[in-house]
Structure formats: structure tokens, C-alpha cells
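Open the model in your viewer and keep the selection panel to hand. The tour goes from one selection to the next and says what is there.

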Amino acid sequence: MGTPLKNFPPSRRNNQLLILLSHGVSSPIQEGNCRRALQLLRAKSVDYIEVDGMDPSQKSRRDELFGISGVRGSYPQIFVVTEQEETETHNAGFVTEFLGDWEKLEALNECNDIDQETLKANPDIETLDMLLDIVKLKE
């Protein structure tokens, strides 16, 4: 289970979506899920970072992301990368948190159709619009 959207800073300029996928995955289901995830992100003009799990030059980043998600060899995986400013207790830098997989992204998109009254009565329901409010979009 990924990090709830309410735990991310609300500032778009500090949050970027990262998608871990594979351009050489042998599973037709995972291949389709990667394709659908990219189509959805492009349709919503999300400014995302793409990491190809099959690219040897990105192996260390892929392994780092597998460590964060706790899931190996399953694509796509969605993360939010947050830029942190230096504080008394933290150094400046980037923090990467696991949001979820294709099913999570698909569920967020489907929840966009829920009426506002129901969403207000159920504050734990997350929507794609909530994600779009916290990540960078293409200009």
C-alpha cells in the first residue's frame, strides 16, 4: 500500500511524479498497464520522470525504487519525488515515496466520477484530481 495523498506537501513545484516501468516486460498485462498509465498521465498533462526498469544504465535507480515500494519486477510503479528544503532536522534534498501501482492510478481516476457530496462525507476517498493538485503539470 502506498503513501496517502494527504501526506504529500500541497505545493506542485516541490512534487514530481515518477513512473517506474519496463519497455521490455514479457507480461502482456504489465505491458498494457504501463501503456495505459502513460496514456493517462499524458492526457492529464502530468510532468513525470520515467525510469525504465530494463535499461542497464538505470539499474541502480530501479533497485532503489524497488526498495522503496517493497515490490520487485512489477510494472508500472508510481512514486512522488518531493524536494525538501533544509531544516534544523533535515538536509535539503529529494525524498521519493511510493504512491502505488497501475491499479491505484486507475482507482484514483475512477474516483474522479464520485460526486462532491459523497467525497466530502468520505474524506479518505482519494481522486486523480487530488494527485493532480500536488504534482507538477506540463506548462
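**Start at the sheet**

Select residues 77-84 and 93-101, strands β3 and β4: they run antiparallel and are joined by eight bridges. Bear in mind that this is a predicted model. For a landmark on this pair of strands, show the side chains of Phe 79 and of Phe 98 in β4, which stand opposite each other.

Now add residues 15-21. This is strand β1, which pairs with β3 in the antiparallel sense over six bridges. Ile 19 has Ile 78 of β3 as its bridge partner.

Stay on β3 and colour by accessibility. Six of its eight residues are buried, so the strand is largely enclosed by the rest of the structure.

**Helix α2**

Next, select residues 59-69, helix α2, and pick out its buried residues: Arg 62, Leu 65, Phe 66 and Ser 69. Turn the view to look down the helix axis; these buried residues fall within an arc of 105 degrees, so they line one face of α2. The spacing has a general basis: an α-helix has 3.6 residues a turn, so residues three or four places apart point the same way.

What does the buried side of α2 pack against? Show β1, β2 (48-52), β3 and β4, since contacts from the buried residues of α2 go to these strands. Then look at the other side of the helix, where Ser 60 and Gly 67 are exposed. Just past the end of α2, click on Gly 70, which has a positive phi of about 80 degrees.

**Helix α3**

Move to residues 102-111, helix α3. Its buried residues include Trp 102, Leu 105, Leu 108 and Cys 111. Among the elements covering the buried residues of α3 are α1 (28-43), β3, β4 and α5.

Zoom in on the N-terminal end of α3. Asp 101 caps it, with a side-chain oxygen 3.1 Å from the backbone nitrogen of Glu 103.

**Last stop: Ile 125**

Select Ile 125, in the loop between α4 (116-121) and α5 (128-134). Is this residue buried, partly exposed or exposed? Its relative accessible area is 23%, and buried means under 20%, so Ile 125 counts as partly exposed.

Show what surrounds this side chain. Beyond its neighbours within four places in sequence, Ile 125 is in contact with Cys 111, Ile 114, Leu 119 and Met 130. Cys 111 was among the buried residues of α3. To finish, draw a C-alpha to C-alpha distance from Ile 125 to Val 81: the two are 22 Å apart in space and 44 residues apart in sequence.

Methods. Residues numbered from 1 in each chain as written. Predicted model: local features only at pLDDT ≥ 70, side-chain atom pairs only at ≥ 80, totals over all residues. Heavy atoms only, no water. Buried < 20%, exposed > 50% of the residue type's maximum accessible area, 1.4 Å probe, protein only. Helix = DSSP H or I, 4+ residues; strand = E, 2+ residues; numbered from the N terminus. Pairing = 2+ DSSP bridges. Arc of directions from axis to C-beta. Contact = heavy atoms within 4.5 Å. Polar contact = N/O pair within 3.5 Å; in protein donor to acceptor, adjacent residues only side chain to side chain.
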